[in-house]
Structures are given as C-alpha cells and as structure tokens.
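Got the viewer open? Keep the selection box handy, and we'll go from stop to stop.

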Amino acid sequence: MSYTQPPSRSTSGIHYFAEGWRLISRPGIKRYVVLPLLVNVLLMGSAFWWLFSRLGDWIPAMMSHVPDWLQWLSYLLWPLAVISVLLVFSYLFSTITNLIAAPFCGLLAEQLEGSLTGKPLPDTGLLGIAKDLPRIMAREWRKLMYYLPRALLLLALYFVPGIGQTVAPVLWFLFSAWMLAIQYCDYPFDNHKVSFADMRRALRQHKTDNLQFGALVSLFTMIPILNLVILPVAVCGATAMWVDRYRSQFVR
C-alpha cells in the first residue's frame, strides 16, 4: 500500500501519551489490558530487580574509562553513567517484553481502535492470535533487524573515552525514543498490514511528536513501579495516534 501525506494535526506526542493512561480503563478495553500488563509486570519487574542489584559493580567499571582530563567532571559524569545504564537496559528489557507480549498488544490495539472509531474489528480471540503468530513474529524480527545495527553502533560509542560518558547517553536517549515510537505505533499499523517501510515514512512526517511520545515512554520505563504498567499505556496511546493521524490514509 502506498503512503500519502497525512493531514496536519496540532495534537502533540505528549497528548497521546496522556491519552494512553486514560484509555487503559476505557469500558470494554480493560480485559484486553490484562495479558500484556501481566507479561510486563513479570518480565520487567524481574529484570529491573536484577539490574539494580548489579549497578553497584557496573557504574565504577564505567567510570574507570573516564580519561584523566575529564576527572574534574566526575560529579556530573556519575549520574550520566547511571542514566546510560538505565537507558540501555530499559530498552533491551522492553524489547524482550514486547516480543513476548506482541500478540496480546496487537489484540489490545485492535479492540481499542474498534472502540474509538465505532467500527469494531472482529474479536479474533486466542485462536486468531495463534493463526497470526507467524506474521506477528516476522514483523517483530523486522523491527529487530532495523534496531540492532544502529544500537550496536551507539553502544560502541560508550567505549570511546570522553564521548562514551557525554555524547553517547544523549544519542541513545533519542534513538530509544524513536524506536519506542516505532515499537508501539507498529501494533495498529500491522493490524492493517501496513508495511514496515510505509509505517516509518508515515511516522517521519510527525517525527517531533513521535519523539515526544517515545521519550516519555522511555522515561517511564526507567521509573520503578510505573514501568510495570507502561506497556499497555503505550499501546493505547499509540493506537489513539493511529486513529487520529494515520488511519484515514491507510484504511479505505
């Protein structure tokens, strides 16, 4: 399906992130929130418990790479090192969680779209999820192949003295924000069989708003307790964005 420029909208990514929190309790939707929420609580909770138990060893190791001429900035570089670890691992953990929860996230996006548009999609249930599983996993693999080479390049910057403690955390945060916008917006796009390339072109038309949305998701993924519920919130916010901005361009 070819992509045409979506209509201009003034609503920001911040608005859609806030909408996600409101929509998870929408009547008729709450039961579809349960499964992705459960997956997120179990995996993200365990992952962050393990991460915080290791920070005491990792941060001094990272700081040992700071060159002598930057030692006077150590009081600033220490929190940057902590933020860097949280950024990298929060995205890695959320990637694994999203891979496992992808079928349930797609179902949540599908049902919320029907509720928002007044045009309910068929309730495929667990049998429909099972039939769609190969396509869903292929799509997740496509996203992973887009992500990995860029992530490895950014991770390599962390081992460059000076740059690794200053520039790399900023670049990683922006990259994570963009990837999280792609990750969560992809669920409603994929429900309508919109290609990955067409979806990325569509999102780039409102890149600032999508970066806002992804940045907020990234920040909340690093916050204990709140990160346990962020997955369904992000799916709902991204689905609301799809309905408002992109649906009319791809659904006839």
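Is N98 buried or exposed? Select it and switch on a surface: N98 is buried, with a relative accessible area of 1%. Bear in mind throughout that this is a predicted model.

**Stop 1: around N98**

You'll find N98 in helix 3. Show what surrounds it: beyond residues up to four places away in sequence, N98 touches E140, Q183, Y184, Y187 and L231. Pick out Q183 from that list and draw a C-alpha to C-alpha distance; the two residues are 85 apart in sequence, yet 8.2 Å apart in space.

**Stop 2: zoom out**

Now go to cartoon view. The protein chain has eight helices and zero strands, so to speak an α-α-α-α-α-α-α-α pattern when read along the sequence. Colour by burial and 50% of the 252 residues count as buried. Taking contacts in the chain with a separation of 6 or more, residues 24 or more positions apart account for 80% of them.

**Stop 3: the largest nonpolar core**

Select Y184, F189 and F213. These have the most contacts inside the largest nonpolar core, which has 52 residues. Helices 1 through 8 each supply at least two residues of this core, and helix 8 (230–250) gives the most, with 13 residues.

Stay on Y184 for a moment. Leaving aside neighbours within four places in sequence, Y184 is in contact with N98, F213, V217, L231, A234, V235 and A238. That brings back N98 from the opening stop.

Apart from this core lies another, of five residues; select M44, F48, L51 and F93, which are among them.

**Stop 4: down the axis of helix 1**

Select 13–23, which is helix 1. Its buried residues are G13, Y16, F17, E19, G20 and L23. Turn the view until you look down the helix axis: the buried residues fall within an arc of 155°, so they line one face of the helix.

**Stop 5: aromatic rings**

The whole structure holds twelve aromatic pairs. Try W172 and F175, which pair edge-to-face, with 5.8 Å centre to centre and 65° between the planes. Why is one about a helical turn from the other? W172 and F175 are three residues apart in helix 5, and that separates them by about one turn. Both W172 and F175 are buried.

Next, show F17, W21, F213 and F220 as sticks: they form one aromatic cluster. You've already met F17 among the buried residues of helix 1, and F213 among those with the most contacts in the largest core.

**Stop 6: charges over rings**

Two selections here. Take R150 with Y146: the charged end of R150 sits over the ring of Y146, 4.0 Å from its centre. Then take K207 with W178: K207 lies over the face of W178, at 4.9 Å from the ring centre.

**Stop 7: a buried lysine**

Last, select K143, in helix 4. How is K143 classed for burial? At 2% relative accessibility, K143 counts as buried, because the cut-off for that is under 20%. Add D186 to the selection and you'll see a polar contact of 3.0 Å joining the two side chains. For the rest of the surroundings, again leaving aside neighbours within four places in sequence, K143 is in contact with M179, I182, Q183, D186, Y187 and F196. Q183 and Y187 also turned up next to N98, so to close the loop, display K143 and N98 together.

Methods:
Residues are numbered from 1 along each chain as its sequence is written. This is a predicted model: local features need pLDDT of at least 70, side-chain atom pairs count only at pLDDT 80 or more; totals for chains, interfaces and linings use all residues. Side-chain values use heavy atoms; hydrogens and water are left out. A nonpolar core is a set of buried Ala, Val, Leu, Ile, Met, Phe, Trp, Tyr and Cys residues joined through side-chain atoms within 4.5 Å. Buried means under 20% relative accessible area, exposed over 50%, partly exposed in between (1.4 Å probe, protein chains only). Helices (H or I, at least four residues) and strands (E, at least two) are DSSP runs, numbered from the N terminus. Contact means heavy atoms within 4.5 Å. The arc is that of the directions from the helix axis to the C-beta atoms. Rings of Phe, Tyr and Trp (its six-membered ring) pair if their centres lie within 6.5 Å; planes under 30 degrees apart count as stacked, over 60 as edge-to-face and the rest as tilted. A charge sits over a ring if NZ of Lys or CZ of Arg is within 6 Å of the ring centre and within 35 degrees of the ring normal. A polar contact is a pair of N or O atoms within 3.5 Å; within protein, one must be able to donate a hydrogen and the other to accept it, and residues adjacent in sequence count only if both atoms are side-chain atoms.
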